[in-house]
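Welcome! Please take a moment to look over the sequence and the 3D structure before reading on.

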Amino acid sequence: MSVVALEGVSKIYRSGRVSLTALDRIDLRVAAGEFTCIAGPSGSGKSTLLHLAGMLDSPSRGTVSLLGRDCTGLGRREAALLRRHHIGFVFQAFNLVPVLTAAENVEYVLLLQNRPGGERRQRVRAALEAVGLSAWADHRAADLSGGQQQRVAIARAIVGRPPFILADEPTGSLDSATGTAIIDLLLEINRSQGTTFLFSSHDPRIIARAGRVIRLVDGRISGGDNRSHG
C-alpha cells in the first residue's frame, strides 16, 4: 500500500478570467520507506504538489489518498486531524516560534496531540538528541543559527512519530555544508526509523542523494521515474 497517492491530480488557480495551471494530471505513488525528491526549477509546481500531498490544499481535479484513505473531500477539521497524527512537515523557512525554546517548539506538536506531560518530555528529549541539539534545548529559537533552527524543525517533525514527512526545500536557505548535513540527518532518520520522506529541491547535490527522483517541468512529470540502485 502506498503511503501517499495522487491520481490524475491537477491544481488550477483562478483570478477573475485568468487561470494558472500549477499541476497538470499528476500520477504519483510513494511507498513506505521511500526517500523521494521532487526536483525542478522554481515555478515548476514542486511546492503545490507537496501541499496537496500533505493535505494543506485540495486538488482542482483528481484524488489524493493517505495510507489507503481517499482524503480529497475532507473538511478542514478532518484534514487537520489527519495531518496532526500522520504527517510531519519541514519547511525552508523553518516556521518556528522565535520566542519559544527549542524544546517548546518541538513539544507543541505533542500538546496538539494531547500527550501526557511525562511522555511529552521524554519524546522531546529523544527528538532533540536525534538531531544533535540536546545541549540547546533551553535556547530560544531566535538565538539559534539557521542550521540549528532547521534541526529543531526536523525534531518537531519527527517527535509525533508520523509515518510520512514532507520537506519543502529543506536546505534552500542554508549554506552548502549545512545543507548537506541536514540531508545526511534526514537520510539517517529514513534509514533508522523507516520514515517515508517526500521532499523538494532544485539543488543537484541534494537531488543526487535521493533514492528516487521525480522531475517536474511546468506542472507535469517529465521523463522517467529515476530510482537509485546503489
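What follows is a short tour of one helix pair, the nonpolar cores and some backbone angles.

This is a predicted model, in which local features need pLDDT of at least 70 and side-chain atom pairs count only at pLDDT 80 or more, while totals for chains, interfaces and linings use all residues. Residues are numbered from 1 along each chain as its sequence is written, and side-chain values use heavy atoms, with hydrogens and water left out.

**A helix pair**

Let's begin with helix H3 (residues 102-112) and helix H5 (residues 146-158), whose axes come within 8 Å and cross at roughly 30°. Helices here are DSSP runs of H or I with at least four residues, and strands are runs of E with at least two, numbered from the N terminus. Axes are lines fitted to C-alpha atoms, for helices over the stretch in contact, and angles run from 0 to 180 degrees between N-to-C directions. Angles under 35 degrees count as roughly parallel, so H3 and H5 are roughly parallel to each other. On the H3 side, the contact (heavy atoms within 4.5 Å) is made by Ala102, Asn105, Val106 and Val109, and on the H5 side by Val152, Ala155 and Arg156.

H3 also has buried residues (under 20% relative accessible area, with a 1.4 Å probe and protein chains only), among them Ala103, Glu107 and Leu110. The cover over the buried residues of H3 includes H4 and H5.

**The cores**

A nonpolar core is a set of buried Ala, Val, Leu, Ile, Met, Phe, Trp, Tyr and Cys residues joined through side-chain atoms within 4.5 Å. The largest one has 41 residues, and Val106, Leu128, Val152, Ile154, Leu186 and Phe199 have the most contacts inside it. Elements giving two or more residues to this core include H3, helix H4 (117-130), H5 and helix H6 (176-193). A second, separate core of 27 residues includes Val3, Leu6, Val9 and Leu28. Val106 of H3 touches, among others, Val124, Leu128 and Val152.

**Positive phi angles**

Most residues other than glycine have a negative phi. Here are some residues with a positive value.

| Residue | Phi | Place |
|---|---|---|
| Asn95 | near 60° | loop between strand E6 (87-91) and H3 |
| Asn114 | about 60° | just after H3 |
| Asp218 | about 50° | loop between strand E9 (212-217) and strand E10 (220-221) |

Is Asp218 buried or exposed? At 63% relative accessibility, Asp218 counts as exposed, a term for values over 50%. Asn95, at 44%, counts as partly exposed.

Key:
Angles under 35 degrees count as roughly parallel, over 145 as roughly antiparallel, 65 to 115 as roughly perpendicular and the rest as oblique. Lists of a residue's contacts leave out its neighbours within four places in sequence.
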